[in-house]
Amino acid sequence: MTLVERPEPQAAINDVVVQVHASGFTSGELTWPSTWTDRLDRDRTPSIPGQELAGVVTALGYGTTGLSVGQRVFGLSDSYRGGTLAEYVAIEARNLAPLPGDVDFTVGASVAMPGLTAWQGLFQHGRLRAGQSVLVHGAAGAVGSMVTQLAREFGGYVIGTGRAADRQKALDFGAQEFVDLDNDALEDVGGVDLVFDVIGGDIQKRSAGLIRAGGTLVTIAGPAEARPADGLTIDFVLVSDRAQLSEIVQRVRDGRMRTNIGAIAALDDAVAAFNPTERISGKTVIRVRP
Amino acid sequence: MKAIVVTDQAAGPAGMKLVERPEPRAAINDVIVQIHASGYVPTETEWPSTWTDRRDRDRTPSILGHELAGVVTALGYGTTGLSLGQRVVGLADWHRDGTLAEYVAIEARNLAPLPGDVDFTVGASLPISGLTAWQGLFQHGHLQAGQSVLAHGAAGAVGTMVTQLAREAGAYVIGTGRAADRQKALDFGAQEFVDLDNDALEDVGGVDLVFDVIGGDIQKRSAGMIRAGGTLVSVVGPTEVRPADGLTVDFVVESDRAELSEIVQRVRDGRLRTNIGTVSTLDNAVAALNPTERHRGKTIIHVRP
């Protein structure tokens, strides 16, 4: 990663250009093929990473509707375009939602990806119902803390997991039990209805064995061989969705959801911030405009 | 696979060729659809998105056609919501290879399920005209029951959808077109018809919503007829024309699964009739899409017999 000068982007059809105030980055981005090639598999470097953003609309593309110049917005760019770790980004309007005036840009940029991932995993793919139990891996992390809060709000019983140091944070976000994956026996949890997997590997496999009949293993760790004995496995990549973004930001406004920001840095310091010397729990947000 | 491509912008639609192209691969959250029927808009070779990608780089040879009905044959990394073997209908991305081909790679969110009792040919005729009408009337025009709608080109692909959806929503529809279009416009539900060559448009009086597909002088005169609080909705691009006390909205249609499902459901239960003109095969598509006479209704290419 290097900080360089790049031309400002132009709005394509149904795009807007957003002046980025705050930007989020997921470390996995550098392993995604979409960071390196376009949908026709052609080299697209130099690629600007960053998918999450909050900012202000400065231009509309041909035919764009639904957003206005000067409007505060937040959302998630196309993974084949990326580009939010920059002063401006061109992005399809449908990938953005209005950001209310009382929600800080830093908060907006921090909730887009974890919030949508949690929402889609729990409700679209996991079909969570009140009274069901949810095993939330990485419960103190950026995604896990959102999964925990949303699952609790909708009446789920949440068992969080993580490392020993994550226990208090996971409980603070609403987990009713906590399993220290290094020291506790995962199988002691008993049966669960939904597993929200962000890890893969052996933990995913063992978690699948805990799922009750009719339950679901939802994973964001890629295609999985693990299947519950009598249930579904769904792996997914999140898709930006204006209505869901609005549901999430509304919950942030009224206090039903807290964001999980681990570190905030300026664009000039972003390269160092993404290569931390110690483990950061929560989301790193880059404040592009002070 | 076989596909209809263009490579020379200067040649326009006459540059269409039937060629062999590699089968597309599914990107993240894409599906691959085996195309059964495909729709094409006659102005596609004029759109910048046919020639360049979103970063303005040359993307030729470009496969034309944006509407499709077909069957899902592969899922991309992380794709959910659609299954292998599922019948689907939808609208391809303007900046990607299109649907006049045996296969297309397309984001799953741009597709909706196509019920088993709706023919692929019918399905492929709906996305652009149906979504354009839906978004123009309801999202941008905020149409309410009891309002009056001036639907230009009321016998055309978009106009017939506008007329039917506006009538169903409780609006009063005044269609326009050429003299020969009168009966067809009335058959699709227009309550009045204005022959733009021979009648005086201004005799219509005030309207609440103008659905413009023509632009130019007709657009300007139509704006003058809009009542306070009304809207001029246009699909012909940015315009300076404004109603005296109202809004102008120009837009480019976007695919939307929920809206596609609303449209398909209306076709199933008879509330919406599609307006198919000619049906041809992929081998004959170049000729069918460059007709010597005026288009009447939508031309559909049946890719799989």
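Two residues are in contact if their C-beta atoms, placed from the backbone, lie within 7 Å. The exercises below concern a predicted model.

**Exercise 1. The two domains of chain B**

Task: State which residues form each domain of chain B, how many Å separate the domain centres, and how many residues of each domain are in contact with the other.

Solution:
1. In chain B, domain 1 takes in 2–125 + 275–302, and domain 2 takes in 129–250.
2. Taken over C-alpha atoms, the centres of domain 1 and domain 2 of chain B are separated by 28 Å.
3. Contact between these domains of chain B involves four residues of domain 1 and four residues of domain 2.
4. On the domain 1 side, the residues that touch domain 2 of chain B are one nonpolar, two polar and one charged.

**Exercise 2. The two domains of chain A**

Task: Do the like for chain A: give the domain bounds, the distance between centres and the residues in contact.

Solution:
1. The assignment for chain A gives 15–99 + 260–287 as domain 1 and 113–235 as domain 2.
2. Their C-alpha centres lie 27 Å apart.
3. Nine residues of domain 1 of chain A are in contact with nine of domain 2 of chain A.
4. Sorted by class, the domain 1 side of this contact in chain A has one nonpolar, six polar and two charged residues.

**Exercise 3. The overall form of chain A**

Task: Decide why chain A counts as being as compact as a globular protein of its length.

Solution:
1. Chain A contains six helices and 13 strands.
2. The radius of gyration of chain A is 19 Å, and the globule rule gives 19 Å for 290 residues; the two values are close, so chain A is as compact as a globular protein of that length.
3. Along the principal axes, the C-alpha atoms of chain A fill a box of roughly 55 × 35 × 35 Å.
4. Of the 290 residues in chain A, 52% count as buried.
5. Among contacts in chain A with a separation of 6 or more, 62% are between residues 24 or more positions apart.

**Exercise 4. Helix H5 of chain A**

Task: Check the span of helix H5 of chain A, then find which of its residues are buried and what they pack against.

Solution:
1. Helix H5 of chain A covers residues 242–253, and at 1.5 Å a residue its 12 residues should span 16 Å; the end C-alpha atoms are 16 Å apart, which agrees.
2. The buried residues in H5(A) are A:Gln244, A:Leu245, A:Ile248, A:Val249 and A:Val252.
3. Around the axis they cover an arc of only 130°, so they are on the same side of H5(A).
4. In chain A, the buried residues of H5(A) pack against strand E3 (72–76), strand E5 (96–98) and helix H1 (105–125).
5. A:Gly255 follows H5(A) and has a positive phi, near 85°.

**Exercise 5. B:Ala171**

Task: Locate B:Ala171 and decide whether B:Ala171 is buried or exposed.

Solution:
1. B:Ala171 is in the loop between helix H3 (157–168) and strand E10 (172–177) of chain B.
2. A residue is buried if 20 or more other C-beta atoms lie within 10 Å of its own.
3. B:Ala171 has 26 C-beta neighbours inside 10 Å, so B:Ala171 counts as buried.
4. Apart from neighbours within four places in sequence, B:Ala171 is in contact with B:Leu143, B:Ala145, B:Gln147, B:Ser148, B:Val149 and B:Ala166.

**Exercise 6. Between the chains**

Task: State how many residues of chain B are in contact with chain A.

Solution:
1. In chain B, 20 residues are in contact with 20 residues of chain A.
2. The chain B side has seven nonpolar, six polar and seven charged residues.

Terms used
Residues are numbered from 1 along each chain as its sequence is written. Chains are lettered from A and ligands numbered from 1 in the order in which they are written. This is a predicted model: local features need pLDDT of at least 70, side-chain atom pairs count only at pLDDT 80 or more; totals for chains, interfaces and linings use all residues. Ala, Val, Leu, Ile, Met, Phe, Trp, Tyr, Cys and Pro count as nonpolar, Asp, Glu, Lys and Arg as charged, and the others, Gly among them, as polar. Helices (H or I, at least four residues) and strands (E, at least two) are DSSP runs, numbered from the N terminus. The expected span of a helix is 1.5 Å times one less than its number of residues. A residue is buried if 20 or more other C-beta atoms lie within 10 Å of its own, exposed if 12 or fewer, and partly exposed in between; C-beta atoms are placed from the backbone. The arc is that of the directions from the helix axis to the C-beta atoms. The radius of gyration is taken over C-alpha atoms; the globule rule is 2.2 Å times the number of residues to the power 0.38. Domain bounds come from an automatic or database domain assignment.
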